[in-house]
Amino acid sequence: MSATTETSPSRASGRRRFDGWRWAGRIFLVIMLFYTAVPMIWMLITSIKSGFAAMQFPPQWWPDEPTLASYQKLLDPQNSVGQDFLRFFWNSLFVSTITTILSVSVAVPAAYAFSRFSFPGRNFLFFSVLLRNMFPAVIFLVPLFILMRLLGLVNTPGSLILTYMTFGLPLAIWLLKGFYDNIPIQLEQAARIDGATRLRAFVTIVMPLSVPGIIATAIYSFIGAWNEYIYAYTFLNKNDQLTLPIGIQRFFSENTTDFPGLMAASFLMSVPVVVLFLVLQRYFVRALTEGAVKH
Amino acid sequence: MTIVTGQAEMSRGAVPVRTGVLRKIWVHRADYAYVLPAIVVMLIVIAYPIYYTIDLSFFKTPPGLQLKDKIFVGFDNYAAILTSEVFWKVTLNTLTWTIASTALSFALGFAAALALHRDFLGRGVMRAILIIPWVISAVAASYIWKWIYHSDFGIIGAVLVELHILDRPPNFIDSVNTVLPSLIVVNIWREFPFAMIMMMAGLQTVPDQLLRAAKVDGANAWQRFWHVTFPHLSNVSTVTILLLAVANFNSFIIPWIMTGGGPANASHIWITHIYELAFGRQRWGVAAAYSVLLFIILMTLGYFYVRALSGNERKERGA
């Protein structure tokens with residue numbers, strides 16, 4: 001602050017430089033938009049080409065004969081490719097949904113406790129939960145594989161749900177704690193004075209207020225589980241259990257030159273999470289930043 | 001670790017404060033019920049694997065992972081790592097990958113957040129589009145970019161040839177020199193939106209009065225940014241950079257799908273290398289020893305992460 005008061009350029013030059021920054025910002029945004037959008041647009045354009053049209057040089061910037069054949073193939077239950085794809089899609093949906101429901105039900109009470117109570121070891125437990133997020137899947141892979149073998153869960157959705165819960169939980173707890181911290185404690189105190197038990201105050205007062213946080217946490221868990229690759233790649237090897245990321249990889253290794261099919265599959269795989277995100281992005285963005293940024 | 005919350009005592013005002021730890025634990029026994037489910041799950045899937053990894057790193061375990069046949073070898077696995085040539089190459093790759101990805105993602109994300117801070121027509125749409133790469137699966141992203149980098153039919157190569165910059169399309173990910181930078185570009189594509197979201201939220205906390213006061217005092221845009229905005233964001237910046245660094249250090253999918261670590265290990269980073277050692281070559285002991293080393297490095301980073309977070313918390317409680 002002190003430095004800003006020492007220098008006092010004339011107002012005119014201040015304003016001119018200000019505009020310069022603004023223009024720099026606009027140009028920068030256009031470049032970033034280009035960087036972000038071109039790969040996605042190229043994915044879409046490729047997905048409506050025929051296999052032959054995709055393998056041309058110089059490429060057809062817009063397909064001469066746009067076709068939805070790749071999408072038809074992937075979504076047709078009669079076709080063997082379509083059968084597999086739809087099954088992978090269903091597996092992903094199943095695993096992600098169950099993971100989300102379980103994570104949220106475990107994270108809600110835990111986050112509330114971390115936000116409201118002080119019990120010995122509270123900070124230690126909270127930070128050890130957070131630290132979990134720092135470790136890569138690879139560290140846990142071998143022992144978890146052995147554990148899953150022990151529990152008889154290899155090649156079942158159970159192995160994925162159990163693992164996804166643990167990497168989803170730390171973030172879910174962190175996000176939800178941010179929400180509970182922002183709910184005034186006086187509301188519960190009033191309810192307690194009126195004779196409600198602590199649990200009752202939690203269920204009737206705090207839970208309804210934290211619905212946005214719960215939605216955000218649920219989206220986060222869902223997207224995390226939907227996109228997870230490394231555990232699924234290690235724990236599953238039966239074709240009928242695969243989730244989408246592994247299924248797509250297998251598809252590519254079997255049809256190395258079918259780029260339109262691969263791009264169509266990538267697009268279809270992205271649709272659920274992108275739609276979910278765009279519809280609920282308000283909650284999502286707010287929750288993600290709540291923990292790190294305090295208002 | 002010494003954050004004591006006043007509000008948490010809300011329902012227990014009558015509890016005598018100065019008692020033994022055991023007594024305190026007993027008094028608060030009901031509180032543990034709330035965290036218990038989370039702790040149990042974490043213990044099974046975290047504490048056990050960590051113990052197991054440390055244990056495995058001192059043994060030679062047969063390829064089929066028959067645990068009863070493992071042989072104790074002491075620190076041999078660690079020695080094998082530190083004396084191998086691949087180790088240093090992979091470590092250098094990991095450092096390049098982590099530092100470049102983190103620095104550039106943060107810089108681009110921060111700049112985008114600043115540019116998006118002021119309201120303008122289409123700002124919401126722009127923000128949504130910029131965030132999409134972060135939402136879609138890394139597997140899909142890897143295949144999209146693999147196609148973009150394709151040595152014969154890739155769009156970048158085609159544009160370069162059409163503009164007569166090059167005679168023929170370059171080999172982005174099949175050449176030792178360009179593979180790592182090419183993968184870093186993909187990684188940044190997926191990661192800068194995260195930094196952008198964090199910094200956008202941070203920017204909203206910068207008090208308008210201060211900025212206006214600085215403007216009245218004649219500070220130009222750069223001075224206002226450097227002396228008012230930036231100091232306000234130091235905490236959120238630290239957390240963002242640490243989270244990015246950890247995520248990059250732990251990356252797997254992009255290099256694994258796009259190149260599998262090749263050509264000639266040029267794009268192998270620690271995680272992909274460990275994965276290949278374990279599940280590719282089934283050298284479980286060496287892979288476990290690598291994991292333990294990684295664990296130590298991450299604990300160090302984690303220490304700073306916790307310190308940054310508790311700094312936040314202390315500020316918040318003090319406010």
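I'll start with helix α5 of chain B, residues 123–135: its 13 residues reach 19 Å from the first C-alpha to the last, close to the 18 Å expected at 1.5 Å a residue. The buried residues of that helix are Leu130(B), Ile131(B), Pro133(B), Trp134(B) and Val135(B). Before going on, please keep in mind that this is a predicted model.

Chain A has a helix with that number too. There, helix α5 covers residues 80–116, which makes 37 residues, and it spans 54 Å from its first C-alpha to its last, close to the expected 54 Å. This helix does bend, by about 30°, and the bend is at Ala107(A). A proline, Pro109(A), follows within four residues.

Stay with Ala107(A) for a moment. The largest nonpolar core has 159 residues, and Ala107(A), Ala110(A) and Ile173(A) are the members that touch the most others. What is Ala107(A) in contact with, leaving aside its neighbours within four places in sequence? Within chain A, the list is Leu169(A), Ala172(A), Ile173(A), Leu176(A) and Thr217(A). From chain B, Ala38(B) is in contact with Ala107(A) as well.

Now chain A as a whole. Its secondary structure comes to 14 helices and 0 strands. Of its 295 residues, 46% count as buried. Take the contacts in chain A between residues at least 6 apart in sequence: 76% of these join residues at least 24 apart.

The domain assignment splits chain A into domain 1, residues 2–47, and domain 2, residues 69–290. Between them, 4 residues of domain 1 are in contact with 7 residues of domain 2. On the domain 1 side, the residues in question are 2 nonpolar, 2 polar and no charged.

Next, the interface between the chains. Here 98 residues of chain B are in contact with 97 residues of chain A. Which helix gives the most to the side of chain B that touches chain A? That is helix α2 of chain B, residues 29–56, with 16 residues. By type, the chain B side divides into 74 nonpolar, 16 polar and 8 charged residues.

I have picked out some single residues, beginning with two on helix α14 of chain A.

Ser270(A) is in helix α14, which runs over residues 259–290. Is Ser270(A) buried or exposed? It counts as buried, because it has 24 C-beta neighbours inside 10 Å, and the cut-off for buried is 20 or more. Not counting residues up to four places away in sequence, Ser270(A) touches Ile136(B), Ser137(B) and Ala140(B). In its own chain, Asn227(A) is 43 residues away in sequence and 9.0 Å away in space, C-alpha to C-alpha.

Phe267(A) is also found in helix α14 of chain A, and it counts as buried because it has 22 C-beta neighbours inside 10 Å. Leaving aside neighbours within four places in sequence, Phe267(A) is in contact with Met43(A), Leu44(A) and Ser47(A). For Ser47(A), the separation along the chain is 220 residues, while the C-alpha atoms are 8.3 Å apart.

Phe52(A) is another phenylalanine, placed in helix α3 of chain A, residues 51–54. This one counts as exposed, since it has 9 C-beta neighbours inside 10 Å. Its C-alpha atom is 9.7 Å from that of Thr257(A), 205 residues apart along the chain.

On chain B, Ala158(B) is found in helix α7, residues 155–162. With 18 C-beta neighbours inside 10 Å, Ala158(B) counts as partly exposed. Residues up to four places away in sequence aside, Ala158(B) touches Phe57(A), Pro58(A) and Pro59(A) across the chains, and Pro169(B) in chain B. Phe72(B), by contrast, is 86 residues from Ala158(B) in sequence and 56 Å from it in space, C-alpha to C-alpha.

Last, two backbone angles. Where is Asn155(A)? It lies in the loop between α7 (137–151) and α8 (157–181) of chain A. Its phi is near 70°, a positive value in a residue other than glycine. Asn155(A) is partly exposed, with 15 other C-beta atoms within 10 Å. In chain B, His164(B) has a positive phi, near 60°, and is again a residue other than glycine. His164(B) sits in the loop between α7 and α8 (179–204) of chain B, and counts as exposed with 7 C-beta neighbours inside 10 Å.

Key. Residues numbered from 1 in each chain as written. Chains lettered and ligands numbered in written order. Predicted model: local features only at pLDDT ≥ 70, side-chain atom pairs only at ≥ 80, totals over all residues. Contact = placed C-beta atoms within 7 Å. Nonpolar A, V, L, I, M, F, W, Y, C, P; charged D, E, K, R; others polar. Core = buried A, V, L, I, M, F, W, Y, C linked by C-beta atoms within 7 Å. Buried ≥ 20, exposed ≤ 12 C-beta atoms within 10 Å, placed from the backbone. Domains from an automatic or database assignment. Expected span 1.5 Å × (residues − 1). Bend = angle between axes of the 7 residues up to and from the residue.
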